[in-house]
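Please examine the sequence and the model shown below. The paragraphs that follow lead through its side-chain contacts, its aromatic rings and its surface, step by step.

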Amino acid sequence: MNTKEILFWIFLFISMGLLIWTVFGNSPTEFIALAGLIFTMMLKMWSISDRLIKLETRFNNLARDFKEHIKESKNGRD
C-alpha cells in the first residue's frame, strides 16, 4: 500500500465517523461532514489518476516496442 491509499482509508473512517456523528449526535455541521467526504473522494481520484498515468505509460511503451518489432521484421524480409 502506498501513502495515498493509507491516507484514503484514514480519511474515510474519519469522514464516516463525522457523518454518523452528524446524523445521530447532531454535533458537527453538515458542511464539515461533507467536506470530509469530498476530501476523501479527492484522495481516491488522485490515486486512480496516478494508476491511469502509469498504465498509459506502459501502453505507450508497448506500442513503441511493437512498432519497432514490425519495422525489424519488415527489414529482415527485404
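The side chains of S15 and T40 meet in a polar contact of 3.5 Å. This structure is a predicted model, and the distance is computed from its atoms. S15 belongs to helix 1, whereas T40 belongs to helix 2. Are these two residues buried or exposed? S15 has a relative accessible area of 1%, and it is therefore buried, since the limit for this class is under 20%. T40, at 0% relative accessibility, counts as buried as well. The side chain of T40 has a further partner: it reaches the backbone oxygen of G36 at 2.7 Å. T40 thus takes part in a contact with the side chain of S15 and in a contact with the backbone of G36.

A second serine may be considered next. S73 is placed in helix 2, and its side chain reaches the backbone oxygen of I70 at 2.8 Å. With a relative accessible area of 26%, S73 is partly exposed, because this class lies between the limits of 20% and 50%. S73 also gives an impression of distances along helix 2, the element that comprises residues 30-77. From S73 to M42 there are 31 residues in sequence, and their C-alpha atoms are 46 Å apart in space. L34, another residue of helix 2, offers a further example: L34 and L62 are 28 residues apart in sequence, with 42 Å between their C-alpha atoms. L34 is partly exposed, at 48% relative accessibility.

The aromatic rings form the next topic. How many aromatic pairs are there? When ring centres must lie within 6.5 Å of each other to form a pair, the count comes to three aromatic pairs. In one of them, the ring centres of W9 and F13 are 6.3 Å apart and the planes stand at 35°, so the pair is tilted. The reasoning is that planes under 30 degrees apart would count as stacked and planes over 60 as edge-to-face, and the rest are tilted. W9 and F13 both belong to helix 1, which comprises residues 3-25, and they are four residues apart, about one turn of the helix. W9 is partly exposed, with a relative accessible area of 41%. F13, with 60%, is exposed.

Another pair is formed by F11 and F39. Their ring centres are 4.9 Å apart and their planes stand at 75°, so this pair is edge-to-face. The pair links distant parts of the chain, as F11 lies in helix 1 and F39 in helix 2, 28 residues apart. F11 is partly exposed at 29% relative accessibility, and F39 is partly exposed at 38%.

The rings also form a group, for F8, W9 and F13 make up one aromatic cluster. F8 has a charged neighbour too: the charged end of K44 sits over the ring of F8, at 4.9 Å from its centre.

What lies on the surface may now be described. I6, L7, I10 and I14 form a nonpolar patch there, with about 320 Å² of accessible area together. L7, a member of this patch, is found in helix 1. L7 is partly exposed, with a relative accessible area of 31%. I10, also a member of the patch, may be compared in position with M45. The C-alpha atoms of M45 and I10 are separated by 15 Å, although the two residues are 35 residues apart along the chain. M45 is found in helix 2 and counts as exposed, because its relative accessibility is 58% and the limit for exposed residues is over 50%.

W46 is likewise a residue of helix 2, and at 45% relative accessibility it counts as partly exposed. How far apart are W46 and E5 in space? The distance is 9.9 Å from C-alpha to C-alpha, with their positions 41 residues apart in sequence.

In review, two kinds of link have been described between helix 1 and helix 2. One is the polar contact of the side chains of S15 and T40; another is the edge-to-face pair of F11 in helix 1 and F39 in helix 2.

Technical notes:
Residues numbered from 1 in each chain as written. Predicted model: local features only at pLDDT ≥ 70, side-chain atom pairs only at ≥ 80, totals over all residues. Heavy atoms only, no water. Phe/Tyr/Trp six-rings, centres within 6.5 Å; stacked < 30°, edge-to-face > 60°. Buried < 20%, exposed > 50% of the residue type's maximum accessible area, 1.4 Å probe, protein only. Lys NZ or Arg CZ within 6 Å of the ring centre and 35° of its normal. Patch = residues over 30% accessible without salt bridge, like charges linked within 9 Å, V, L, I, M, F, W, Y side chains within 5 Å. Areas by Shrake-Rupley, 256 points an atom, 1.4 Å probe, with all protein chains shown as cover. Salt bridge = Lys/Arg side-chain N within 4 Å of Asp/Glu carboxyl O. Polar contact = N/O pair within 3.5 Å; in protein donor to acceptor, adjacent residues only side chain to side chain.
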